[in-house]
Amino acid sequence: MTDRIYLDHNATTPMRPQAIAAVEEVMRGVGNASSVHSFGRAMRARVERAREAVAALVAARPADVVFTGGGTEANNSVVRGAARRRVIVSAIEHDSVRSATDDVEFIPVTSSGIVDLAALERMLAASDVPALVSVMLANNETGAIQPVAEVVRIARAAGAAVHCDAVQAAGKIAIDMPTLGVDYLSLSAHKLGGPQGVGAVVLRADAPFNAMARGGGQERGRRAGTENVAGAAGFGVAAAIARENLDGIAGLSALRDGMERDLARIAPDICFYGADTARLPNTSCVAMPGVPATTQLMAFDLAGIAVSAGSACSSGKVSASHVLAAMGAGAGEAASALRVSLGWTTQAGDIARFVAAWHEVYRRLSPAARPATVAA
Ligand code: PLP
């Protein structure tokens, strides 16, 4: 097999070499960041330097960054820690928001996968119970960018707090937390070139936040436990590189759009979800009607190409996509959708090979491409 091609950057993207070096350097050292001796102080300095870089990525204050064990923990800790009795989330949120607590209410989305602001307004008007509204900045499956500043305007008028899961958006588009106006923002290092298993909650100054993990008082009492210094250091370096490289990621849209044009020429029955709205530059959600995504996945894997199906970033399982269902896609159609996500290592040649492989899979498996059988 020739070189394998990785087009699953929304699941996780390769670590930046500089981030790997930072992780290794910390791991070769010793010291608990809470210790007062010089070893501990050196580790503390690494954590605080990383905090500054992560804060800068979203134009926040370093003191408002709380390191977590990843995006899932960040989302869980906000939904549970914001101390609001009512939780209203968009229907296309990641499972780590949707399932963070019981009795979540879902805001519908349009057929383009954009949160329905009028519906949110109605939901908030229906009750005086203090609410937390959670709407992601960009969707992990379609890349659709959500009108978060508008969500904040509506929520504020109703006295609700707002959380934004920016895990997929960070490092792909510029984020300015004060302009967005949200109270809580979630980030994950491994989606932007840092290590897996480290993330952050970024708070608006003084936003109430009840710690999920209590004990040692680390992270200003907002997340107890000895700091993951190596993880934070890798996150910080990746965040700084991501901030410098936003133009490079923006440039991926030319490759993605060219790919979609090529695929549409091959298959007139093709469907791209969320393509009629503002999207992340790297994401394409593409259906090959009549061919199950699992079949396509295996065919592409055999061709050495990694893409993903449905909400497949969870433990290798391929389940029906709640995102596409919320957009009103029929079950059959949604079951044939793949997510192709480009990243900082993607080259034009990778896309050319993917288009050629897609053409071959379409020719072999698509009912639309097979010649009609003539009854004897
Ligand atoms: N939120 C979104 C939108 C995601 O895409 C993901 C991961 O796929 C997460 C949260 C979870 O992040 P982590 O893998 O760091 O737990």
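Which residue in β13 does Ala309 stand opposite? Leu338 is the one. This report covers a predicted model, and that pair is a way into one of its sheets.

**The open sheet**

Four strands make up this sheet, which is open. Their order is β9-β10-β13-β12, and they pair in the antiparallel sense. Two strands sit at the edges: β9, residues 271–273, and β12, residues 308–309. Each of these pairs on one side only. Helix α11, residues 252–266, packs on the sheet. It touches β9, β10 (283–287) and β13. The direction of α11 makes about 15° with that of β10. As for β12, its antiparallel pairing with β13 (residues 337–341) runs over 2 bridges.

**Strand β5 and its neighbours**

Strand β5 spans residues 131–134. Is β5 covered or open on its two faces? Both faces are covered. Ala131 and Val133 lie on one side, Leu132 and Ser134 on the other, and all are buried.

Strand β5 has parallel pairings with β3 and with β6. The β3 strand (residues 86–90) joins β5 over 4 bridges. The β6 strand (residues 161–165) joins β5 over 3 bridges. Val133 takes part in both pairings: Ile88 is bridged to Val133, and Val133 has Val162 as its bridge partner in β6.

**The ligand**

How many residues surround the ligand? There are 15. The closest are Gly71, Thr72, Asp165, Ser188 and Lys191. Three side chains place a polar atom by the ligand, as the table shows.

| Side chain | Ligand atom | Distance |
|---|---|---|
| Asp165 | nitrogen | 2.7 Å |
| Gln168 | oxygen | 2.9 Å |
| Lys191 | oxygen | 2.6 Å |

Taken alone, the ligand exposes 390 Å². The protein buries 89% of that area. Asp165 is among the closest residues, and its number falls within the 161–165 span of β6.

**Val229 in helix α9**

Val229 belongs to helix α9, which covers residues 229–244. Why does Val229 count as buried? Its relative accessibility is 7%, and the cut-off for buried is under 20%.

What does Val229 touch, leaving out residues up to four places away in sequence? Its contacts are Val26, Ala33, Met43, Arg46 and Val47. Another residue, Ala22, is 207 residues away from Val229 along the chain. The C-alpha atoms of Val229 and Ala22 are separated by 10.0 Å.

Key: Residues are numbered from 1 along each chain as its sequence is written. This is a predicted model: local features need pLDDT of at least 70, side-chain atom pairs count only at pLDDT 80 or more; totals for chains, interfaces and linings use all residues. Side-chain values use heavy atoms; hydrogens and water are left out. Two strands pair if DSSP finds at least two bridges between them. Contact means heavy atoms within 4.5 Å. Axes are lines fitted to C-alpha atoms, for helices over the stretch in contact, and angles run from 0 to 180 degrees between N-to-C directions. A residue is near a molecule or strand if one of its heavy atoms lies within 4 Å of it. A polar contact is a pair of N or O atoms within 3.5 Å; within protein, one must be able to donate a hydrogen and the other to accept it, and residues adjacent in sequence count only if both atoms are side-chain atoms. Accessible areas come from the Shrake-Rupley method with a 1.4 Å probe; for residues, only the protein chains shown count as cover. Buried means under 20% relative accessible area, exposed over 50%, partly exposed in between (1.4 Å probe, protein chains only).
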